[in-house]
Amino acid sequence: MNMKNNNEKKELKIVLSPELYDELRFTFRPAQLENIIYKPEIINETRWQCCCGSECELDVCPICGMEKHTVFSKVNPGYLARHRKARIAKRRKAAQDKQALMAAQMLRKNKKQQKNNNKKVGTLIGIIFLCIAILFCLVIIFKTADKPTIADPSVDTTLNTGENTTPDTTDKPVSTDKPTPSETPSSTDTTDPQPSTEPATTPPPVTTIPSEPVQVPSENTDGVVSTVADGTWPEGASGNTSVGGLVYTDGQYDYIAKNGITILDKSGNEVAVLATNKAYGITGIDKYIFYIGEQNTVYRINTETKEETALTIKATLICAYQGELYYVSSEPKGLYASDIYGNTIKVLTVSDIYALNSTADKLYFSTDDGLCVLSSKDGNVKVFCKDGAKATSIIEITGCVFYTGTDGRLKFYNPAISSSFGVEYPRYEVSFTYVSAYNNRVYVRTVSQYTNAVEWISTQWTPGNRLFAPSAFTSTGITTDALYVTESAVYDGELNRTAVS
């Protein structure tokens, strides 16, 4: 029987990952933590090594007072990982509830403010029209005052209609006075007054307040949401949002958010520099590039004129879809849509968003309720897979929606296949925490449950009966947390480029 000695004691801070070692302080009381130093070990059939380092034969350590069952059930990676996951979920739930309350209060406040603004605008319009009416009345009064008055009755204005038309000048002094121009009737005196040339008074344009964003209806469904034909690859919008979204591709160029925003062609040659500001997320619509800058501010760049504009949007994640910008708001929480000018036009949900991706002509995202999809910008949000709640990534490939669940499994959903959720990867002690793809190239991020080591593995999809052959996955050699996939290359977390033939 092999016996342990003191030189073989393994300190927990070396054995455990930093996250799991830190989790000890949330699992044990401070007084207990002082004695939790080493990894517990079974020495032989009757003796065991406590986490305080002492060797014991009883079920309770005589040195620190810890029970044998407690030591071996709690001082291990598996228990600590589950405890950490449950603790974080509980803390996140509390934060979500607080944010939901704040969002509801803000919506009520905005509605009240909108109502007050509408009242003010209505009052302003009434005042404007009243002023116009008064001005119109004054104009009519002044026009009436300018018209000719009835002639003085003391002046004989009748025409001489007698037989003798020669004026009788006998004994009548001849007047040498000539009538003044004002007294001499002109040819126009007998006509109607000419219309006034004064421009007509028109009411000023009415200022309207932008309408409140439209709330997109949400509906639960078990119907088919995948529409891509078998054997047809969705051209990757996965680069828009992959693990942070620092690379965007439009098929012709790659836009790299490294030390600003740089444009690369398919060969990796630099074409232009769009911006020098730090970017934390990037996407594109037609000739516009959008990126998240400092303090979550979203900026728009015209790729033709290089003009850059700061929008009023504050976001943590952005994704372009059918001519609109969809963004996860930094405050309040939720998923919203805006036009290219940054005007918020739709509210998809005020829930937390865990993944967002535009793929296969649809917009996918995950919430606490499940996987969600928008099949057209004017359609409703469909919640179609409750198992996908809080999924960390979503992508559609040849009619199947693949996602990574919180349990560390890669799963697929397709209601046309009876065994949906039946094929899950991996089968061993490793978690699949992200899936991304471009055309038929599929990349999956794996994380060891014991060492937390990251490795990206890849395979190529072949339509057929089997979804993925686990043995077909090969290592890419990339060990950073992030991976960005485009048509001609992949970029690691440091945005180093590897060409793909």
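## Overall picture

Among contacts in this protein between residues at least 6 apart in sequence, 46% join residues at least 24 apart. That figure comes from a predicted model. The protein has five helices and 30 strands, and buried residues make up 39% of its 501 residues.

## How far to trust it

The mean pLDDT of the protein is 79, with 75% of the residues at 70 or more. Over residues 1-6, though, the pLDDT is below 50, and that stretch has 12 contacts in the model beyond near neighbours in sequence. Residues 228-242 are another patch to keep an eye on: pLDDT stays under 50 there, and the model gives this patch 59 contacts beyond four places in sequence.

## From β12 to β14

Let's start with a run of strands. Strand β12 covers residues 297-302 and strand β13 covers residues 308-321, and the two pair in the antiparallel sense over four bridges. If you want a spot to click on, R300 stands opposite T309 in β13. The two strands form a hairpin with five residues between them, and K306 in the turn has a positive phi of about 65 degrees.

Then β13 pairs again, this time with strand β14 (residues 324-329), also in the antiparallel sense and over six bridges. Here A320 stands opposite L325 in β14. This hairpin has two residues between its strands, and Q322 in the turn has a positive phi of about 50 degrees.

## From β25 to β27

Further along, β25 and β26 run antiparallel, joined by seven bridges. Their hairpin has five residues between the strands, and N452 takes a positive phi near 60 degrees. V444 has I457 in β26 as its bridge partner.

Strand β26 (residues 454-460) is mostly covered, since five of its seven residues are buried. β26 also pairs with strand β27 (residues 474-475), antiparallel, over two bridges. On that side the bridge partner of I457 is S475 in β27. I457 is therefore a handy residue to select in the viewer: it is a bridge partner of V444 and of S475.

## A buried asparagine

What does the side chain of N357 reach? N357 is found in strand β17, residues 355-359, and N357 is buried, with a relative accessible area of 5%. The side chain of N357 reaches the backbone oxygen of I394 at 3.1 Å.

## Pockets and cavities

The largest pocket has a volume of about 1500 Å³. It is lined by 44 residues, and the closest to its centre are R84, K85, T392, T406 and T433. The elements that give two or more residues to the lining are α2 (18-27), α5 (77-145), β17, β24 (430-438) and β25 (441-448). Which element gives the most to that lining? α5 does, with nine residues. Two of the strands met above, β17 and β25, are on the list as well.

As for enclosed space, the structure holds two cavities of 30 Å³ or more. About 40 Å³ of space lies in the second largest one. Its lining is made up of T249, G251, Q252, Y253, D254, L264, D265, K266, E487 and S488.

Terms used. Residues numbered from 1 in each chain as written. Predicted model: local features only at pLDDT ≥ 70, side-chain atom pairs only at ≥ 80, totals over all residues. Heavy atoms only, no water. pLDDT = per-residue confidence, 0-100. Contact = heavy atoms within 4.5 Å. Pairing = 2+ DSSP bridges. Buried < 20%, exposed > 50% of the residue type's maximum accessible area, 1.4 Å probe, protein only. Polar contact = N/O pair within 3.5 Å; in protein donor to acceptor, adjacent residues only side chain to side chain. 1 Å grid on protein atoms, 1.4 Å probe; cavity = no way out; pocket = protein on both sides within 12 Å on 5 of 7 lines; lining within 4 Å. Points joined across faces, edges and corners; volume = space filled by probe spheres on them.
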